[in-house]
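Me: I have a model open and want to go through it with you. Can we start with the surface and work inwards?

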Amino acid sequence: MSHGGGGHAAELYPENQIFAAGVVLSLIGIYAAHFLSGYGLSMLIGGLLVSSACIAGANTVRKVAAYGLGTGVPSIGMVSLGMGTLSAVAGVLIPKAVGITSLAAPILTLVLSFIVGFIVGKLTVKPVGMKIPIMVRSMTYLSVAGALALLGFTTAYVGSLDPKMFIDGALNSGVMALAFIVAGMAILHPFNACLGPNESHKRTLTLAVSCGLLSWFVFSVVKLDILSIIASIILWAVFYVKFVKMSFKDACAVLYVPEIPKKEEQ
């Protein structure tokens, strides 16, 4: 059960600031992945910056799920990637259809995800009837975060925003499906793991950073980018160790389960 019935813990940083930073860094990461692919840096630079979209999404999940969604936390994470998939794919394909440069894809994805998220948010309020005051804004933010994470990680893998290369490298290869699961888990897991009466923004955000970096690591492995693999796993370890230490510090008590018997006692 979420602790959201009584509100959520105080915020260290306003949601709008974290969201804006995630959007800006992700867009820079997507363009970096496209332009730096010739130097072999698409995953190293692009993957790192795009992980910020997962952090922004996870922070929004924390904000909206604290109203009492509880078991709906995983669901809302998957919804964000569902909306994001539609927006990202359309954002890549529309430029070719209307005869404009493929460099417009990230901006189109951003605009489309805003529209899709707003519409879905409105539908959740009416006719679905979810009485959460920030639902429309949260669904909009989640749609944007999911779309930028999907487009970002797949672009870092493919190394190009060109529609043909993207379709072959991301859609036909199944990498988009991997992005859906990996980014979705990075967005939904942090608050799902930290929720409870002693949830803190700092600890949840630390885990969100860790999950974003772990997503980058997964794609680095798939791309077989050794430099990115090393950088991502080191940064992940730093933040995950920090998260574990914070969890021990915040815990009321730490109990150790005894070793499971190797055979049944008579």
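Me: How much area does the chain expose, and what share do carbon and sulfur atoms supply?

Reply: The chain exposes about 12700 Å², and carbon and sulfur atoms supply 71% of it. Accessible areas here come from the Shrake-Rupley method with a 1.4 Å probe; for residues, only the protein chains shown count as cover. This is a predicted model: local features need pLDDT of at least 70, side-chain atom pairs count only at pLDDT 80 or more, and totals for chains, interfaces and linings use all residues. Residues are numbered from 1 along each chain as its sequence is written, and side-chain values use heavy atoms, with hydrogens and water left out.

Me: What percentage of the residues count as buried?

Reply: 49% of the 266 residues. Buried means under 20% relative accessible area, exposed means over 50%, and partly exposed is in between (1.4 Å probe, protein chains only).

Me: How many helices and strands are there?

Reply: The chain has 9 helices and 0 strands. From the N terminus on, the elements run α-α-α-α-α-α-α-α-α. Helices (H or I, at least four residues) and strands (E, at least two) are DSSP runs, numbered from the N terminus.

Me: Where does UniProt put transmembrane regions?

Reply: The unreviewed UniProt entry places them at residues 73–94, 100–120, 141–158, 170–191 and 226–243. UniProt positions are given in the numbering used here, feature names are shortened, and annotations may be inferred rather than shown by experiment.

Me: What do 141–158 and 170–191 look like in the model?

Reply: Residues 141–158 are 100% helix and 0% strand, with end C-alpha atoms 25 Å apart. Residues 170–191 are 86% helix and 0% strand, and their end C-alpha atoms lie 29 Å apart.

Me: On to H2. Is it mostly covered or uncovered?

Reply: Mostly covered: 22 of the 24 residues of H2 are buried. H2 reaches 34 Å from its first C-alpha to its last, close to the 34 Å expected at 1.5 Å a residue. That expected span is 1.5 Å times one less than the number of residues.

Me: Where does H2 bend?

Reply: At Leu48, by about 25°. The bend at a residue is the angle between axes fitted to the seven residues ending there and the seven starting there.

Me: Ala56 caught my eye. What is around it?

Reply: Ala56 is in H2, which covers residues 42–65. At 3% relative accessibility, Ala56 counts as buried. Leaving aside neighbours within four places in sequence, Ala56 is in contact with Ile18, Phe19 and Gly22. Contact means heavy atoms within 4.5 Å. Ala56 and Ile187 are 131 residues apart along the chain, yet their C-alpha atoms are separated by 8.1 Å.

Me: And what does Ser228 touch?

Reply: Beyond its neighbours within four places in sequence, Ser228 is in contact with Met43, Leu44, Trp216 and Ser220. Ser228 is found in helix H9, residues 226–250. Ser228 counts as buried because its relative accessibility is 0%.

Me: Cysteines next. How many disulfides turn up?

Reply: The search of the whole structure finds 0 disulfides. A disulfide is a pair of cysteine sulfur atoms within 2.5 Å. For Cys54, the nearest cysteine sulfur is that of Cys211, 8.7 Å away. For Cys194, the nearest is also that of Cys211, 8.6 Å away. Cys54 is buried at 0% relative accessibility, and Cys194 is buried at 5%.

Me: Now H3. Where is the kink?

Reply: At Gly91, about 25°, shortly before the proline Pro95. The 26 residues of H3 should span 38 Å at 1.5 Å a residue, and the end C-alpha atoms are 38 Å apart, which agrees. H3 is followed by Gly99, whose phi is positive, near 80°.

Me: Is Leu86 buried or exposed?

Reply: Exposed, at 59% relative accessibility. Leu86 is in H3, residues 73–98.

Me: Last topic, the loops. Which peptide bond is cis?

Reply: The one from Lys126 to Pro127 is cis, with omega near 25°. Pro127 lies in the loop between helix H4 (105–125) and helix H5 (135–158).

Me: What about the phi of Leu224?

Reply: Positive, about 60°, although Leu224 is not a glycine. Leu224 lies in the loop between helix H8 (201–223) and H9. Leu224 is exposed, with a relative accessible area of 67%.
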